[in-house]
Amino acid sequence: MALIFFFSFTTTLTAQITVGSMVVGQGVTSPNDWVDYNGGVGGIYVDVNTSACGFTETPHYLVTLESLTSSGYHWYISGVPSVYSPTSTGFRVYLRWTDTPSDAPTIGSLNFPNPLRASTALNRNWVIRWTAITNGDCANCNQKKQPTNNEQINSSPFGEEPMSSDFEKKRRTEVKIHPNPTNTKITISSLNEILKNEVYNLNGQLLRTSKDETIDIKDFLPGEYIVKVYFDNDETTTKKIIKK
């Protein structure tokens, strides 16, 4: 199993992970990337550049629409998760208000321009967060190699250890994190004694270290993060959390 990251320093942050024959890429656009469609009379669109991942074939793209600052109102939007013109180097997503664009100056009582404009998406800090997965043979994917006693293989940038050949005799340490999702803080609990906790973003960057059971994450941007927990028996485990 190989772990490889590629980063693109354009407005679209991109990362790639290679696991066996499967390649997974992920990234997020910028609120500045939105463009008015058809002269501003038909909604907006964004072109997502995935070329930094180096795909040799068109992957399966999964997308979500998010507001980086929780400015919201994207539940009034249609278009996501529609993906247009997918290729190995990118794709396009169109958005519009859920009602048919008309001469009405507002949508509901929100006083937003109708049709939807790129300036509204920028003001609301909307971004497209995407994940790309190359097509693979599911039968082959099920044939997992069992690591030997001398092997140490990382399955993520956070050092999570894979299941060993004697996994039936030794279970991975159980950890509970709550509330999850949350917008303020998380509490970590386990039957084993916890030495410290670390919080990473999905690019493997260490954001916070704590020896307390409760970690304040209210200053984090909305999205997914990884918590790595260290125990007194030299074991570690990782859990995914969501900051609202």
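Is asparagine 125 buried, partly exposed or exposed? I looked it up first, and it came out as partly exposed, at a relative accessible area of 23%. The cut-off for buried is under 20%, so asparagine 125 does not count as buried. A reminder to myself: this is a predicted model.

**Entry 1: two odd phi angles**

I stayed with asparagine 125 and checked its backbone. Its phi is near 55 degrees, which is positive even though the residue is not a glycine. I found asparagine 125 in the loop between α1 (118–123) and β9 (126–133).

Then I went to tyrosine 73, another non-glycine with a positive phi, about 70 degrees here. Tyrosine 73 sits in the loop between β5 (60–67) and β6 (77–78). I noted tyrosine 73 as partly exposed too, with a relative accessible area of 26%.

**Entry 2: the whole chain**

Time to step back. I counted 2 helices and 16 strands in the chain. There are 244 residues, and 37% of them are buried. For the surface I wrote down about 14,000 Å² of accessible area, with 49% of that belonging to carbon and sulfur atoms.

I also looked at contacts between residues with a separation of 6 or more. Of those, 57% are between residues 24 or more positions apart.

**Entry 3: around β11**

Which residues of strand β11 are on its covered face? I turned the strand, residues 185–189, and found Ile186 and Ile188 there. Lys185, Thr187 and Ser189 are on the uncovered face.

Next I asked what β11 pairs with. Strand β10 (residues 176–178) is one partner, antiparallel, over 3 bridges. Strand β14 (residues 214–216) is another, also antiparallel and over 3 bridges. Threonine 187 was handy for following both pairings: histidine 178 stands opposite it on the β10 side, and threonine 214 in β14 stands opposite it as well.

The link from β10 to β11 is a hairpin through 6 residues. I looked at the peptide bonds here and found a cis one from histidine 178 to proline 179, with omega near -10 degrees. Another cis bond joins asparagine 180 and proline 181, where omega is about 10 degrees. Proline 179 is in the loop between β10 and β11, and so is proline 181.

**Entry 4: salt bridges**

How many salt bridges does a search of the whole structure find? I got 5. The general idea is that side chains of opposite charge can pair when their charged atoms come close. I wrote up three pairs.

- Aspartate 47 and arginine 92 form one, with the closest N and O atoms 2.6 Å apart. Aspartate 47 is in strand β4 (residues 44–49) and arginine 92 in strand β8 (residues 90–97), so this pair links distant parts of the chain, 45 residues apart. Aspartate 47 is partly exposed at 42% relative accessible area, and arginine 92 is partly exposed at 22%.
- Glutamate 66 and arginine 129 meet in another, at 3.0 Å from N to O. Because glutamate 66 lies in strand β5 and arginine 129 in strand β9, the pair ties together parts that are 63 residues apart in sequence. Arginine 129 is partly exposed, with a relative accessible area of 25%.
- Glutamate 198 and lysine 196 meet at 3.3 Å, N to O. Here I found glutamate 198 buried, at 6% relative accessibility, while lysine 196 is partly exposed at 28%.

**Entry 5: the nonpolar cores**

Which residues have the most contacts inside the largest nonpolar core? They are Trp34, Leu95 and Trp126, in a core of 23 residues. I checked where this core gets its residues: β4, β5, β8, α1 and β9 each supply at least two.

I then followed tryptophan 34 outwards, leaving aside its neighbours within four places in sequence. Its contacts include Ile44, Tyr45 and Val46. Leu65, Val93 and Leu95 are also among them. Further along I found Ala118 and Ala121, then Trp126, Val127 and Ile128.

Apart from this core lies another, of 14 residues. I jotted down some of its members, including Ile194, Ile215, Phe220 and Phe231.

How values were computed:
Residues are numbered from 1 along each chain as its sequence is written. This is a predicted model: local features need pLDDT of at least 70, side-chain atom pairs count only at pLDDT 80 or more; totals for chains, interfaces and linings use all residues. Side-chain values use heavy atoms; hydrogens and water are left out. Helices (H or I, at least four residues) and strands (E, at least two) are DSSP runs, numbered from the N terminus. Buried means under 20% relative accessible area, exposed over 50%, partly exposed in between (1.4 Å probe, protein chains only). Contact means heavy atoms within 4.5 Å. Accessible areas come from the Shrake-Rupley method with a 1.4 Å probe; for residues, only the protein chains shown count as cover. Two strands pair if DSSP finds at least two bridges between them. A salt bridge is a side-chain nitrogen of Lys or Arg within 4 Å of a carboxyl oxygen of Asp or Glu. A nonpolar core is a set of buried Ala, Val, Leu, Ile, Met, Phe, Trp, Tyr and Cys residues joined through side-chain atoms within 4.5 Å.
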